[in-house]
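I opened a fresh notebook page to get to know this structure. My plan was to go from the big divisions down to one residue.

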Amino acid sequence: MAKIGVFTCWCGENIARHVDVEAVSEAISKLPGVACSMNYKYMCSEPGQSLISEKIKELGLTGVVVASCSPHMHLKTFRKTVELAGVNPYMVEMANIREQCSWVHSDKAVATAKAIELIGIAVAKVRRNAALQPIKVPVTKRAMVIGAGVAGIQAALDLAAGGVEVILVEREPSVGGKMAGLSETFPTLDCSQCILTPRMVEVGQHPNIKLMTYSEVEKVDGYVGNFKVTVRKKARYVDIAKCTGCGTCWNACPKKNKIPNSFDYNLGNRGAIYIPFPQAVPARPTIDADNCLRLQSMKKGKELCGICMKNCGSQAINFHDQDELVEFDVGAIVVATGYKLYSIGKEQENPNIKGYGEYGYGKYKDVIDSLQFERIISASGPTGGEPKRPSDGMTPKTVVFIQCTGSRDNAKGITYCSKICCMYTAKHTMLFKHKVHDGAAHVFYMDIRSGGKMYDEFVRRAIEQDGALYHRGRVSKIEEITVDGVKKYRCYGADTLAGEPCVVDADLVVLACAMVPSDGVTKLAQKLSVGYNEYGFLSESHPKLRPVETNAAGVFVCGACQGPKDIPETVAQASAAAGKALIMLSQPYLTREPEIATVDEKLCAACGACVQTCPFKAITIEEIRDRKGNFIKNTSRVNPGLCMGCGTCVSVCPSKSVDLIGFTDDQVYAELESLLA
Amino acid sequence: MNIGYYPGCALHGSSVDYETSVRACMKALDVQLDELEDWICCGATAAHSINHKLSVALPARNLGIAERMNLKQVFAPCPMCSMELKKASDELHADPNLCAEISEIVETPLVGTVDVWNLIQVFQSVGYDNIAQKAQGKLDAFKPACYYGCLLTRPPKTVNFDDPEDPTSMEELLSKLGASPVDWNSKTVCCGAGLTLCDEAGVARQVHKILQDALDSGANCVVTACPMCQVNLDMRQADAKKLGLAQDVPIFFLSDLVSLALGLTPKDLDFQKRYVAIPNELQKA
């Protein structure tokens with residue numbers, strides 16, 4: 001017979017102020033199956049927990065109800081308490097009489113009555129609880145990191161240093177990501193490439209890291225500890241094992257310097273066979289099939305050009321290269337796919353986001369975004385670090401920087417702050433002034449957000465030492481005008497501190513565009529069953545306490561794919577993600593909560609409704625055969641490693657043959673009955 | 001096609017030539033205009049600056065009249081009027097309590113079934129291709145700078161018409177009729193509006209800037225669908241010339257150009273009422 005102990009917590013005043021805990025204990029003690037009903041000021045405290053274990057031992061309780069806060073807060077605590085006292089930890093239920101009762105009601109009588117009902121429900125349920133055992137799943141001690149920008153590089157290096165084999169997947173021909181294209185970094189003005197390239201070389205050489213550049217994740221199967229990831233290795237037309245990176249091919253290419261280089265955000269050019277930038281890792285070229293004369297001619301059955309192949313001393317060029325699918329077994333996945341900049345153009349992928357018609361929708365050549373400006377002032381950039389504007393190569397004397405382009409602009413559909421623009425704009429003004437001493441750098445800003453170590457000092461330095469001209473106000477329109485035969489960009493702004501319009505004729509306009517997740521991240525998130533917000537930023541499991549975990553077990557996030565952030569924060573988060581993955585991979589096996597779906601295979605008609613609805617792809621249709629191998633029937637079956645216990649399948653099953661352990665129909669009906677009694 | 005017609009004060013006062021042009025054009029397109037009986041002021045800037053309820057009640061009464069006349073659409077050639085009517089209509093839709101209250105104030109039952117159109121939207125519902133088919137001649141000589149001013153596209157949420165920062169609906173129509181609209185900067189710049197009464201110099205500066213930009217962009221005329229814009233650009237052009245405007249810029253209503261394409265003559269369109277003379281080559285399609 002059930003012997004249930006009910007322990008009602010005052011939570012100091014939190015519960016006791018609006019709930020009469022004595023009356024609650026008294027009322028609950030009369031419920032069938034309740035062997036004791038106590039209350040105490042802090043049930044989660046050491047004496048509170050002792051009270052529970054003493055009563056278990058004294059009365060031989062079979063189940064426990066703790067009426068206190070949310071199970072999110074303390075279910076684990078009380079499961080531990082009960083387990084130590086010798087009762088199965090899944091024989092505990094919590095009645096939330098704080099968040100769902102005392103905090104939201106001011107009438108004590110009403111709150112007390114409701115608390116009694118809530119506890120009654122929990123008692124009805126716990127009487128039907130079964131002793132459960134955690135599920136054990138094996139772990140593959142190998143990790144995959146998706147994206148090889150600074151976040152992915154850091155995560156891969158940390159995982160590799162922890163002794164784990166790492167597959168680092170990058171869709172571009174080189175690792176390095178956005179950071180490899182930056183000039184200097186705030187707040188120290190140290191050269192971005194100087195600090196990043198040693199790390200890039202290290203990932204290229206580390207014995208524990210397998211680099212998969214020019215590759216994309218195609219498919220993800222399996223579950224925590226046991227993922228099976230299919231990676232598409234895109235045809236590169238260059239055998240990077242044979243290639244020595246000598247450069248003969250890209251210097252001989254007839255398309256040399258004729259194709260816009262996406263690494264330079266199309267401000268510089270490359271050939272059809274190219275390395276995106278001199279420090280690329282691997283320092284091996286790639287052939288751009290869309291622009292290669294030979295590959296294009298082959299489509300028409302001809303064999304034109306081929307100069308690179310003729311010149312290659314190591315026979316590394318293979319025009320018949322094909323995409324290749326490679327499968328990897330990994331235990332953990334770290335997503336580090338980064339960001340791109342919001343486009344001010346008229347056409348937007350996300351219909352909720354609008355471009356900037358007032359800034360010309362991108363039709364003015366000298367209205368560029370901040371990443372393009374980074375290339376213009378970078379020593380490795382298309383102008384060799386000389387600030388020259390794209391339209392005519394003139395050295396700009398007056399540059400207008402417009403912060404919050406897109407960010408914090410509800411009318412454009414992006415409400416968030418991109419966090420780093422205030423800092424890099426201050427940096428841009430400095431770098432510009434260091435190169436053009438008689439130049440003027442005007443910044444239009446909404447307010448300056450420079451929280452961080454030495455950050456505000458850095459902005460002050462831009463203003464006070466380097467003479468950047470800050471105007472608090474927005475630019476409402478940019479017009480292209482011609483002054484004495486020279487193109488200028490008239491920026492109609494406001495200086496709201498002076499309370500007057502502020503019009504600046506600029507030679508170059510730099511827009512600090514909002515950070516948005518990189519292309520294709522939502523598709524990847526769907527493959528991984530990771531959530532994302534309306535903008536496509538991946539969702540962490542808890543914004544404060546589980547910042548690098550996701551709701552898909554075994555998948556971790558770091559860097560700007562989770563939200564806008566700067567380099568130090570990205571690196572810290574990458575190490576955190578690697579650390580969390582290492583903790584997981586260091587276990588001999590993983591334990592998972594046993595509250596998962598289970599199928600009554602006798603009842604199941606294998607209609608597949610649950611297979612369709614399962615967000616975690618945890619259900620498959622399997623055959624049941626007898627010992628002789630004769631087919632009996634089909635049934636759906638739940639993979640206990642994949643199931644997250646959401647219960648969606650239970651609600652769609654037409655034959656009621658799926659049930660959720662720990663939340664069975666029997667338990668839920670008992671709860672309802674208790675409420676309606 | 002039958003549509004309700006709300007002229008508003010401008011078309012019966014300072015811009016009677018706009019009404020002449022609109023009526024002529026609509027007649028040529030077989031669009032019958034049913035003028036709202038006993039219409040009143042839309043409230044304009046004055047009402048919404050002083051009293052919110054008044055700013056809803058005034059246009060609401062006009063909408064009520066349209067409903068009583070069983071009209072499905074009301075065409076207001078002045079963008080200020082069409083915006084105010086639309087704004088009131090939206091507010092009445094969004095708030096049933098307000099709708100009931102305003103209904104009582106204006107002593108007219110309000111259901112909120114009336115759609116409000118500006119001039120371009122009327123042309124859109126006739127169909128640009130249909131208009132082009134009816135055209136008698138081509139607007140080859142016209143290199144218009146299409147000028148939308150502030151209210152045709154704003155506030156974007158209320159008027160929900162074209163791109164607020166880079167509208168192109170006039171250009172599309174005029175291109176179909178053979179004109180060569182220019183790409184220019186000042187499409188949606190303020191003309192100075194009501195400041196024309198209290199800050200003449202300020203309006204002259206705006207007009208100068210707008211017209212100079214049109215000329216610099218290669219235009220030989222400016223086309224607008226707003227009586228206020230037309231008046232300022234036309235009437236204040238003499239002041240703009242004192243500020244250095246290089247040459248005369250004829251200012252047309254959109255309906256003028258469509259009418260010319262449809263074979264109407266300057267006489268049908270009150271061209272003699274314009275301050276800036278319209279050169280002969282721009283008097284016919």
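Below are my entries, in the order of my looking.

**Entry 1: domains of chain A**

Note to self before anything else: this is a predicted model. I began with the domain assignment of chain A, which lists domain 1 (4-126), domain 2 (135-234 + 324-338 + 518-587), domain 3 (235-322), domain 4 (343-516) and domain 5 (597-661). Domain 2 is written there as three stretches, 135-234, 324-338 and 518-587.

Next I picked domain 3 and domain 4 of chain A and looked up how they meet. Their centres, taken over C-alpha atoms, are 35 Å apart. I found 6 residues of domain 3 of chain A in contact with 8 residues of domain 4 of chain A. On the domain 3 side of that contact, I noted 4 nonpolar residues, 1 polar and 1 charged.

**Entry 2: where the chains touch**

How many residues does each chain bring to the contact between chain A and chain B? I got 5 from chain A and 4 from chain B. Sorting the chain B side by class gave me 3 charged residues, 1 polar and no nonpolar.

**Entry 3: a sheet in chain B**

I stayed with chain B and traced an open sheet of 4 strands. I wrote its order down as S2-S1-S3-S4, with parallel pairing. At the edges I have strand S2 (32-35) and strand S4 (115-117) of chain B, each of which pairs on one side only. Ignoring direction, I read an average turn of 40° between neighbouring strands of this sheet.

Then I went in to one pair. Strand S1 (residues 2-5) and strand S3 (residues 73-75) of chain B run parallel and are joined by 2 bridges. I also marked Gly4(B), which sits opposite Val74(B) in S3(B).

What lies across S3 and S4 of chain B? I found helix H5 (residues 79-94) of chain B there, running at about 160° to S4(B).

**Entry 4: a sheet in chain A**

Back in chain A, I followed an open sheet of 3 strands in the order S11-S12-S17, and its pairing is antiparallel. Strand S11 (215-223) and strand S17 (324-330) of chain A are its edge strands, each pairing on one side only. I noted an average twist of 20° from one strand to the next.

S11(A) runs antiparallel to strand S12 (residues 226-233) of chain A, and I counted 8 bridges between the two. Across this pair, Asp221(A) stands opposite Lys228(A) in S12(A). The two strands S11(A) and S12(A) form a hairpin with 2 residues between them. In that turn I flagged Gly225(A), which has a positive phi of about 85°.

**Entry 5: one glycine**

My last stop was Gly385(A), in the loop between helix H11 (370-376) and strand S21 (398-405) of chain A. Why does Gly385(A) count as partly exposed? It has 16 C-beta neighbours inside 10 Å, so it falls in that class, which sits between 12 or fewer for exposed and 20 or more for buried.

I then checked what surrounds Gly385(A). Setting aside neighbours within four places in sequence, Gly385(A) is in contact with Ile377(A), Ser378(A) and Ala379(A). I also looked up Ser183(A): Gly385(A) is 202 residues from Ser183(A) in sequence, and their C-alpha atoms are 8.6 Å apart in space.

How values were computed. Residues numbered from 1 in each chain as written. Chains lettered and ligands numbered in written order. Predicted model: local features only at pLDDT ≥ 70, side-chain atom pairs only at ≥ 80, totals over all residues. Domains from an automatic or database assignment. Contact = placed C-beta atoms within 7 Å. Nonpolar A, V, L, I, M, F, W, Y, C, P; charged D, E, K, R; others polar. Pairing = 2+ DSSP bridges. Axes fitted to C-alpha atoms, helices over the stretch in contact; angles between N-to-C directions.
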